[in-house]
Amino acid sequence: MKILLTYTSMTGRNEKIAKYLDQYLRDHGAEVTLQQIVDTDAFELEDYDAVIVETYTYNDGEVPDEAKDFYDDLADVDLEKTKFAVLGSSSKEHLHFGRAVDYFTMQLNSSNGEQVADSVKINQDPDEADFKRVDMLADNVLKSLK
Ligand SMILES: Cc1cc2nc3c(=O)[nH]c(=O)nc-3n(C[C@H](O)[C@H](O)[C@H](O)COP(=O)(O)O)c2cc1C
């Protein structure tokens with residue numbers, strides 16, 4: 001079970017969640033590559049059994065600047081049914097709560113990926129209920145690979 005977990009984080013919330021998710025997946029037998037979106041080549045996604053994208057949202061509902069090249073490149077990728085899931089912490093204090101999660105979800109579907117978990121939006125710091133939703137996302141990804 002080769003899983004790519006690629007994330008971007010400005011103030012550390014998504015990094016913390018990504019590390020938690022990485023550990024959870026490893027504890028359940030997956031081989032995980034954890035890296036930042038800025039270091040991720042969209043054309044390599046098909047090398048993995050599943051891809052998890054984690055992002056915050058910036059500037060009135062936008063994909064963060066450092067994730068834009070990766071996001072744009074996804075339009076030229078055929079994921080050939082690579083399994084995927086999307087999550088991210090953003091903030092209800094801003095307009096368009098977690099819109100970048102929606103953008104990635106739509107683009108990965110358009111690129112012929114197979115969405116295997118509902119996308120998870122977290123408001124700022126994750127609470128206990130949010131971690132359960134992260135666990136559920138991970139469980140769905142793992143189940144899809146068995
Ligand atoms: C200038 C600025 C703009 C933001 N714009 C949005 C936004 O449009 N929508 C949203 O849901 N969150 C927005 N946020 C909130 C961040 O996505 C949120 O703080 C997130 O938890 C940051 O994640 P990180 O700690 O991984 O960087 C914005 C934050 C800042 C500082």
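**Close-up views of a predicted model**

**View A. Asp-41 sits in the loop between S2 and strand S3 (50-54).** The structure is a predicted model, in which local features need pLDDT of at least 70 and side-chain atom pairs count only at pLDDT 80 or more, while totals for chains, interfaces and linings use all residues. Residue numbers start from 1 along each chain as its sequence is written, and side-chain values rest on heavy atoms, with hydrogens and water left out. The two strands that flank this loop, like every helix and strand below, are DSSP runs numbered from the N terminus (helices H or I, at least four residues; strands E, at least two). Take a look at the side chain of Asp-41, which reaches the backbone nitrogen of Phe-43 at 2.9 Å. That is a polar contact (N or O atoms within 3.5 Å; within protein, one able to donate a hydrogen and the other to accept it, with sequence neighbours counted only if both atoms are side-chain atoms). Asp-41 is described as partly exposed because its relative accessible area is 34% (buried is under 20%, exposed over 50%, partly exposed in between; 1.4 Å probe, protein chains only). Leu-74 is 33 residues away from Asp-41 along the chain, yet their C-alpha atoms are separated by 9.2 Å.

**View B. The ligand has 20 residues around it.** The closest of these are Ser-9, Met-10, Thr-11, Gly-61 and Ser-89; the shell takes residues with a heavy atom within 4 Å. Helix H1 (13-27) contributes at least two residues to the shell, and so does strand S4 (83-90).

**View C. Thr-11, His-94 and Leu-95 make polar approaches to the ligand.** Start with the side chain of Thr-11, where an N or O atom is 2.4 Å from an oxygen atom of the ligand. Next comes the side chain of His-94, with an N or O atom 3.3 Å from a ligand nitrogen. At Leu-95 the partner is the backbone instead: one of its polar atoms lies 3.1 Å from a nitrogen atom of the ligand. On its own the ligand has 660 Å² of accessible area, and the protein covers 86% of it (Shrake-Rupley method, 1.4 Å probe; for residues, only the protein chains shown count as cover).

**View D. Glu-80 and Gln-124 are two loop residues with positive phi.** Most residues other than glycine have a negative phi. Glu-80 has a phi near 45° and lies in the loop that links helix H2 (68-74) to S4. With a relative accessible area of 55%, Glu-80 is exposed. Gln-124 has a phi near 55° and belongs to the loop between strand S6 (120-123) and helix H4 (128-144). How accessible is Gln-124? Its relative accessibility is 23%, so Gln-124 counts as partly exposed.

**View E. Glu-31 is a residue of strand S2 (residues 31-36).** Glu-31 is exposed because its relative accessible area comes to 52%. Now find Glu-80 again, 49 residues from Glu-31 along the chain: the C-alpha atoms of the pair are 21 Å apart.

**View F. Thr-6 is a buried residue of strand S1 (residues 2-7).** Its relative accessible area is 0%, which means that Thr-6 is buried. From C-alpha to C-alpha, Thr-6 and Ser-111 are 17 Å apart in space, with their positions 105 residues apart in sequence.

**View G. Ala-129 has its place in helix H4.** Is Ala-129 buried, partly exposed or exposed? A relative accessible area of 47% makes Ala-129 partly exposed. To finish the tour, trace from Ala-129 to Ser-91: the two are 38 residues apart in sequence, and their C-alpha atoms are 16 Å apart in space.
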